[in-house]
Amino acid sequence: MIRASLLLLLAIAAVACKGYRPQGFDEPRTLGGKVVPAEVLTEGERAYVQYCRACHGDKGDGKGPAAKGLRPPPRDFTLGVFKFAAVQGGMLPNDEDLERIVRSGLHGTAMLAWDGVPEHKVREIVQYLKTFSPRWKDEEPGEAIRPTPDPWAGREADAVARGRKLYHGLAQCLSCHPAYASRAFISQASKELTGNATSSFREDMYGAVLTDSDYGVKLLPPDFVRSELRSVRPEHRKEDLYRVIASGVGGTAMPTWQGSLPEEDLWALVHFVDSLVALKGTDAARRLADENRAADAAWKPPTPDRK
């Protein structure tokens with residue numbers, strides 16, 4: 001697997017270096033509210049050509065010579081829209097967000113983890129890619145969203161139980177993601193948290209729903225017991241889940257939840273989703289789905305209260 005990855009990296013680098021000559025920069029530019037020296041941009045362009053151009057293209061539009069057929073397609077930097085940043089959805093990312101993605105890659109995509117690229121090269125690439133979108137000339141990055149202390153430390157089982165109710169009964173995550181509870185549980189949870197019991201459900205509530213995006217393609221939200229989570233690193237799983245849930249996913253239907261939910265509830269959702277991710281590849285995930293469907297077969301919608 002490692003050998004295959006190295007061969008792929010070498011192939012991408014070979015493709016990237018053909019047919020394009022770096023232009024260089026004569027003057028500094030103000031990008032994201034900071035002045036970036038010309039020499040940094042010039043070095044960033046050279047490194048971009050070596051490591052990034054094959055997929056992201058000469059113009060940063062995601063139409064490089066190696067991009068054809070890739071799904072999901074490479075990021076189009078000209079849009080100035082980024083999915084996995086620790087900022088409110090729609091805001092420009094901070095440098096650490098972009099550096100994290102370059103270093104760690106995005107699971108389940110052609111975006112590899114470029115952890116062998118020198119640190120200074122990564123920083124230069126990050127500055128150069130800002131030249132592709134006019135947003136960086138006029139806007140500054142959003143305020144960084146960082147994990148708060150986990151209020152459920154030592155009470156993880158309670159956190160998972162609370163998160164399960166929030167996921168299905170208040171946040172309505174199952175409107176895009178799969179449900180991981182029976183209709184009876186969802187109906188009761190929604191009544192408890194909102195005062196209104198859910199009584200109607202989409203036909204395939206145990207599957208995800210294709211949603212619109214700002215990237216020109218429809219996206220399928222992850223099934224947490226099956227899917228590769230794009231920007232969640234195994235060694236930082238709860239931290240990264242907090243970032244995605246709190247910040248949202250830019251350019252998609254996934255909203256920013258920080259400010260809409262108390263921190264205690266944000267962390268409860270993190271613990272619940274984390275418990276689902278832990279089921280991936282186990283028989284417990286199948287049993288959970290089977291149990292929910294069996295319970296649904298005997299469930300009847302509650303009779304509306306009469307006044």
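These are my notes on one helix contact and one group of aromatic rings in a predicted model.

**Entry 1, Ile245.** I began with Ile245, which sits in helix α9, residues 237-247, and I noted that it counts as buried because its relative accessibility is 9%, under the 20% cut-off. Leaving aside neighbours within four places in sequence, I found Ile245 in contact with Met254, Pro255, Thr256, Trp257, Leu266, Leu269, Val270 and Val273. I also looked up Ala86, which is 159 residues from Ile245 along the chain, and the C-alpha atoms of the two are separated by 9.7 Å.

**Entry 2, α9 and α10.** I then turned to helix α10, residues 263-277, whose axis comes within 9 Å of that of α9 and crosses it at roughly 125°, which means that α9 is oblique to α10. The crossing is right-handed, and the residues of this contact divide into 10 nonpolar, 1 polar and 4 charged. On the α9 side I listed Ile245 again, along with others including Leu241 and Tyr242.

**Entry 3, aromatic rings.** I counted 14 aromatic pairs in the structure. The rings of Phe25 and Tyr128 have centres 6.0 Å apart and planes at 75°, so I recorded the pair as edge-to-face. Phe25 lies in the loop between α1 and β1 and Tyr128 in helix α5, so the pair ties together parts 103 residues apart in sequence. Phe25 is buried at 17% relative accessibility, and Tyr128 is buried at 4%. Phe82 and Trp136 also form an edge-to-face pair, at 6.2 Å centre to centre and 70° between the planes, and both residues are buried. Finally, I noted that ring pairs link Phe25, Tyr48, Phe77, Phe82, Tyr128, Phe132 and Trp136 into a cluster.

How values were computed: Residues are numbered from 1 along each chain as its sequence is written. This is a predicted model: local features need pLDDT of at least 70, side-chain atom pairs count only at pLDDT 80 or more; totals for chains, interfaces and linings use all residues. Side-chain values use heavy atoms; hydrogens and water are left out. Helices (H or I, at least four residues) and strands (E, at least two) are DSSP runs, numbered from the N terminus. Buried means under 20% relative accessible area, exposed over 50%, partly exposed in between (1.4 Å probe, protein chains only). Contact means heavy atoms within 4.5 Å. Axes are lines fitted to C-alpha atoms, for helices over the stretch in contact, and angles run from 0 to 180 degrees between N-to-C directions. Angles under 35 degrees count as roughly parallel, over 145 as roughly antiparallel, 65 to 115 as roughly perpendicular and the rest as oblique. A crossing is left-handed if the near helix is turned anticlockwise from the far one by less than a right angle, and right-handed if clockwise. Ala, Val, Leu, Ile, Met, Phe, Trp, Tyr, Cys and Pro count as nonpolar, Asp, Glu, Lys and Arg as charged, and the others, Gly among them, as polar. Rings of Phe, Tyr and Trp (its six-membered ring) pair if their centres lie within 6.5 Å; planes under 30 degrees apart count as stacked, over 60 as edge-to-face and the rest as tilted.
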